[in-house]
Amino acid sequence: MPTKKILTPLLPGNYYHIYNKGNDGEKLFYTHANYLFFLNSYRKLLSPYLETHAYCLMRNHFHFLVRINESDDVNYYLKVSHQFRRLFQSYALAINKQEWREGSLFRKYFRRIQVNDMDYLKHLIFYIHFNPQKHMAVQDFRTYSYSSYSTYDRQLIDDSLAMKSTISWFNDFEDFINYHDVMHDERKYKSVLLEDE
């Protein structure tokens, strides 16, 4: 099962559920362009350091499932954390300018859960993709624009997603899609899926 700490180091070769939300539940994304800017910045700053297996950007929070790249650099985890800070700082500056606001946009520390269990990884893929329906942003998560599900479902080419690796966790692509067609029991993972901590 995963471990959860706000300051868990992002160690090479490990999987992490990374998430955060707006300070005091504030909006993070105001326009379609905001979602695209955040994703493009994420890809530019983080893709050299990690593989992304799933993501979902919601109005006031986001989720990523990532695997940190292998590295012999003993300070690699600091470099990865620094890239996340750069992403959040640059995005906050852009939103503060756009919205004529001041102060923190995100909660102080982004959350990270280290994941060591294959069953949990599979569940997490579903959990992240299902998030828009869970939070009633849409009636069907498959139609949500700001998640990696549609890229998988339509088998689009996206170099920023580790699609082959993710699909390999399932029997095949059909099994991946079928896994999303079943409601999974969140109670099994409730202790590690709390977004409000």
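A salt bridge is a side-chain nitrogen of Lys or Arg within 4 Å of a carboxyl oxygen of Asp or Glu. Side chains of opposite charge can pair when their charged atoms come close. In this predicted model, the count comes to six salt bridges, and several of them are worth a closer look.

One of the pairs joins D158 and R43, whose side chains meet at 3.4 Å, N to O. D158 sits in the loop between α4 (149–153) and α5 (163–167), while R43 belongs to helix α1 (residues 32–46), so this contact ties together parts that are 115 residues apart in sequence. The two partners can also be placed by how much of each is covered. D158 has a relative accessible area of 16% and is therefore buried, since buried means under 20%. R43, with a relative accessible area of 25%, is partly exposed.

A second pair is formed by D73 and K79, with a distance of 2.5 Å from N to O. D73 is partly exposed at a relative accessible area of 28%, and K79 is likewise partly exposed, at 40%.

A third pair brings R142 and D181 together, their closest N and O atoms being 2.8 Å apart. Here again distant parts of the chain are linked: R142 lies in the loop between α3 (118–134) and α4, and D181 in the segment after α6 (173–180), 39 residues away. R142 has a relative accessibility of 30% and counts as partly exposed; D181, at 45%, counts as partly exposed too. The pair is also part of a network of salt bridges that links D140, R142 and D181.

Turning from charges to open space, the largest pocket holds about 370 Å³. Its lining is made up of 20 residues, and R85, F88, K108, Y109 and F110 are the closest to the pocket centre. Which helix gives the most to this lining? Helix α2 (residues 76–99) does, supplying seven residues. By type, the lining of the largest pocket divides into 11 nonpolar, five polar and four charged residues.

Y109 appears once more on the surface, where I6, L7 and Y109 form a nonpolar patch. Together these three residues have about 280 Å² of accessible area. Within this patch, L7 is found in the loop between β1 (3–5) and β2 (15–21). Is L7 buried or exposed? Its relative accessible area is 59%, so L7 is exposed, the cut-off for that class being over 50%.

Key
Residues numbered from 1 in each chain as written. Predicted model: local features only at pLDDT ≥ 70, side-chain atom pairs only at ≥ 80, totals over all residues. Heavy atoms only, no water. 1 Å grid on protein atoms, 1.4 Å probe; cavity = no way out; pocket = protein on both sides within 12 Å on 5 of 7 lines; lining within 4 Å. Points joined across faces, edges and corners; volume = space filled by probe spheres on them. Helix = DSSP H or I, 4+ residues; strand = E, 2+ residues; numbered from the N terminus. Nonpolar A, V, L, I, M, F, W, Y, C, P; charged D, E, K, R; others polar. Patch = residues over 30% accessible without salt bridge, like charges linked within 9 Å, V, L, I, M, F, W, Y side chains within 5 Å. Areas by Shrake-Rupley, 256 points an atom, 1.4 Å probe, with all protein chains shown as cover. Buried < 20%, exposed > 50% of the residue type's maximum accessible area, 1.4 Å probe, protein only.
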